[in-house]
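Open the model in your viewer and keep the selection panel handy. We will go from the whole chain down to a few side chains.

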Amino acid sequence: AMQDVTERPRLLRVLSRATGAQAIVSVRDTGKGLPSRNVERVFEPFFTTKPNGIGIGLAISRSIVTSHGGVLWATANARSGATFRFRIPAAPEEHG
């Protein structure tokens with residue numbers, strides 16, 4: 001998503017946090033962005049915004065997250081890039 005960006009720094013930020021019984025992970029980039037009309041479409045199998053993309057990566061990612069009881073969604077960043085987040089049930093702490 002950031003390969004063609006040359007006019008600004010290419011940054012990738014990965015954050016995680018626990019909220020109660022869930023874990024939330026966000027991946028934010030400063031790539032070319034995500035038009036709001038494509039926010040849900042990027043999860044459709046074979047939909048791609050890349051010239052040589054296949055369009056299955058995000059569809060597979062969403063199905064993996066869903067199979068673990070979570071959700072995966074995307075938002076367009078205000079200035080550039082996109083943010084992808086997923087929320088899954090956190091594993092119970094083991095006390096031993």
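Start with the cartoon view: this predicted model has one helix and four strands in its protein chain. Follow the sequence from its start and the pattern reads β-β-α-β-β. If you turn the C-alpha trace along its principal axes, the spans are about 50 × 30 × 20 Å. Of the 96 residues, 27% count as buried. Switch on the surface, and you are looking at about 7000 Å² of accessible area, with carbon and sulfur atoms making up 55% of it.

**Stop 1: the strands around S4**

Select S2 and S4. These strands pair in the antiparallel sense, over seven bridges. To find one of the pairings, pick valine 25, whose bridge partner in S4 is phenylalanine 86.

Now add S3. S3 and S4 also run antiparallel, and six bridges join them. Here you can pick alanine 76, which has alanine 82 of S4 as its bridge partner. Five residues lie between S3 and S4, and the two strands form a hairpin. Zoom in on the turn to see glycine 81, with its positive phi of about 85 degrees.

**Stop 2: the nonpolar core**

Show side chains for Leu34, Val39, Val42, Phe43, Phe47, Val65, Leu72, Ala74, Ala82 and Phe84. These 10 residues are the largest nonpolar core. Strand S3 (71-76) and strand S4 (82-89) each supply at least two of the core residues.

**Stop 3: two rings**

Which residues make up the aromatic pair, and how are their rings arranged? The structure holds one such pair. Select phenylalanine 43 and phenylalanine 84: their ring centres are 6.2 Å apart and their planes meet at 75 degrees, so the pair is edge-to-face. Colour by position in the chain and you will see that the pair links distant parts, 41 residues apart. Phenylalanine 43 sits in the loop between strand S2 (22-29) and helix H1 (57-67), while phenylalanine 84 belongs to strand S4. Are these two residues buried or exposed? Both phenylalanine 43 and phenylalanine 84 are buried.

**Stop 4: around phenylalanine 43**

Stay on phenylalanine 43 and display its surroundings. Setting aside neighbours within four places in sequence, its contacts are Leu58, Ala59, Arg62, Leu72, Trp73, Ala74 and Phe84. Finish on arginine 62: its charged end sits over the ring of phenylalanine 43, 3.8 Å from the ring centre.

Conventions
Residues are numbered from 1 along each chain as its sequence is written. This is a predicted model: local features need pLDDT of at least 70, side-chain atom pairs count only at pLDDT 80 or more; totals for chains, interfaces and linings use all residues. Side-chain values use heavy atoms; hydrogens and water are left out. A nonpolar core is a set of buried Ala, Val, Leu, Ile, Met, Phe, Trp, Tyr and Cys residues joined through side-chain atoms within 4.5 Å. Buried means under 20% relative accessible area, exposed over 50%, partly exposed in between (1.4 Å probe, protein chains only). Contact means heavy atoms within 4.5 Å. Rings of Phe, Tyr and Trp (its six-membered ring) pair if their centres lie within 6.5 Å; planes under 30 degrees apart count as stacked, over 60 as edge-to-face and the rest as tilted. A charge sits over a ring if NZ of Lys or CZ of Arg is within 6 Å of the ring centre and within 35 degrees of the ring normal. Accessible areas come from the Shrake-Rupley method with a 1.4 Å probe; for residues, only the protein chains shown count as cover. Two strands pair if DSSP finds at least two bridges between them.
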